[in-house]
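Dear colleague,

I am handing over to you the structure shown below, together with an account of what was found in it. Please keep it open beside this message while reading.

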Amino acid sequence: MQRPKFIAGNWKMFTTQAVAAELARAVVAGCAQYKTKIALCPPFTAISTVVEAVRGSAVTVGSQNCYFENEGAFTGEIAPQMLLDVGCKHVILGHSERRHVLGESDEMVNRKVKAALAAGLEVIFCIGETQSQRQADQTESVLAVQLTSGLAGLSASDLNQIVIAYEPVWAIGTGVVATPEQAQKAHVFIRGTIAGNFGENAAAKLLIQYGGSVKPENATTLLHLPDVDGALVGGASLKADLFLAIIRAAQ
């Protein structure tokens, strides 16, 4: 099955509103001729600014997180409906920095996924193993647990609104990237696990991004692996020329 490529930029805790607007406009101007699906995920404070900057283009906007309740006394949290209200289409959930730095469990991620889907957001669901887990040959068992727990209670039709991002923790922000063989093997395992849990058809349609030190220099090789359907880009998405080069590599 021919699946579209999806390139998403995770800006993490970077950019002021002015910088975000300039970066978003540069991306829009540089990718108009491409058919690749493209999303920008700025910090909360810049979401409205970026939504306005990309208005009228094919570029969409996502958030880097949300909470699992619709409203309430949850100081500092953001509800899925609030993200829709400001123009978000996507939300990144389960990112390793949320899991390993901020302590989010598989159960919490699962609750967030369900809440985001119920609200109508498309979820970019992140999974990945640490360096010690890979060295202990636990990569597949870790991915299986994260997939099974994080997507528990969902149906095959729910997967129409989910993109999985495989991000080996040891490659995020380190400059180290998975080899093509490592990336392809992990993506094949993920797709096979989805097939076992949700059926072959759902697995065949599912978009699986790679994330972890994606750069123009390695993007072409990674993005043309059979089971890699795009990239969740961190640091390189903060520079328009680098991000656009990755988008070009997906063509």
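Two rings of Phe, Tyr or Trp count as a pair if their centres lie within 6.5 Å. Please note that this is a predicted model, and the values that follow are computed from it.

Aromatic rings

By the rule just given, there are three aromatic pairs. In one of them, the ring centres of Y67 and F68 are 4.2 Å apart and the planes meet at 25 degrees, so this pair is stacked; the term applies to planes under 30 degrees apart. Both residues, Y67 and F68, are buried. Y67 also pairs with F74: here the centres are 4.9 Å apart and the planes are at 45 degrees, so the pair counts as tilted. The two partners in this second arrangement can be described by their accessibility. Y67 has a relative accessibility of 14% and therefore counts as buried, whereas F74, at 33%, is partly exposed. The cut-off for buried is under 20%. Taken together, ring pairs join Y67, F68 and F74 into a cluster.

A buried polar contact

Y67 and F68 are also among the residues in contact with K112, which belongs to helix α5, residues 106-119. K112 has a relative accessibility of 2%, and so it is buried. Which residue does the side chain of K112 meet in a polar contact of 2.9 Å? The partner is the side chain of N65. N65 is placed in the loop between β3 (60-63) and α3 (80-85), and its relative accessibility of 7% means that N65 is buried. Leaving out residues up to four places away in sequence, N65 touches F44, E77, L83, V91, I92, L93, R98, E104 and K112. On the same basis, the contacts of K112 include N65, C66, L93, R98 and E104. L93, R98 and E104 thus appear in both lists.

Two residues with partners far along the chain

L121 lies in the loop between α5 and β5. Is L121 buried or exposed? Its relative accessible area is 0%, so L121 is buried. L121 and P80 are 41 residues apart along the chain, yet their C-alpha atoms are separated by 7.4 Å. Apart from neighbours within four places in sequence, L121 is in contact with P80, L83, L84, C88, K89, H90, V91, A116 and Q161. L83 and V91 are among the residues that N65 touches.

N218 is part of helix α10, residues 216-223. With a relative accessible area of 15%, N218 counts as buried. N218 and V177 are 41 residues apart in sequence, and the distance between their C-alpha atoms is 8.3 Å. Beyond residues up to four places away in sequence, N218 touches V177 and S213. The side chain of N218 comes to 3.1 Å from the backbone oxygen of S213.

Cavity and pockets

How many cavities of 30 Å³ or more are there? The count is one, and about 40 Å³ of space lies in the largest cavity. Two elements, α4 (96-101) and β5 (122-127), each give two or more residues to its lining. The largest share, three residues, comes from α4. The lining of this cavity consists of G94, S96, R99, H100, C126, I127, G128, E167, V169 and I172. By class, four of these residues are nonpolar, four are polar and two are charged.

The largest pocket has a volume of about 370 Å³. It is lined by 15 residues, of which K12, M13, Q64, R98 and L102 are the closest to its centre. R98 is also one of the residues that N65 touches. The element that gives the most to the lining of the largest pocket is α4, with three residues. This lining has seven nonpolar, five polar and three charged residues.

The second largest pocket holds about 240 Å³ of space. Of its 19 lining residues, G173, S213, G234, G235 and A236 are the closest to the centre. S213 is the residue whose backbone oxygen the side chain of N218 reaches. The lining of the second largest pocket divides into seven nonpolar, nine polar and three charged residues.

With kind regards

Technical notes: Residues numbered from 1 in each chain as written. Predicted model: local features only at pLDDT ≥ 70, side-chain atom pairs only at ≥ 80, totals over all residues. Heavy atoms only, no water. Helix = DSSP H or I, 4+ residues; strand = E, 2+ residues; numbered from the N terminus. Buried < 20%, exposed > 50% of the residue type's maximum accessible area, 1.4 Å probe, protein only. Polar contact = N/O pair within 3.5 Å; in protein donor to acceptor, adjacent residues only side chain to side chain. Contact = heavy atoms within 4.5 Å. 1 Å grid on protein atoms, 1.4 Å probe; cavity = no way out; pocket = protein on both sides within 12 Å on 5 of 7 lines; lining within 4 Å. Points joined across faces, edges and corners; volume = space filled by probe spheres on them. Nonpolar A, V, L, I, M, F, W, Y, C, P; charged D, E, K, R; others polar. Phe/Tyr/Trp six-rings, centres within 6.5 Å; stacked < 30°, edge-to-face > 60°.
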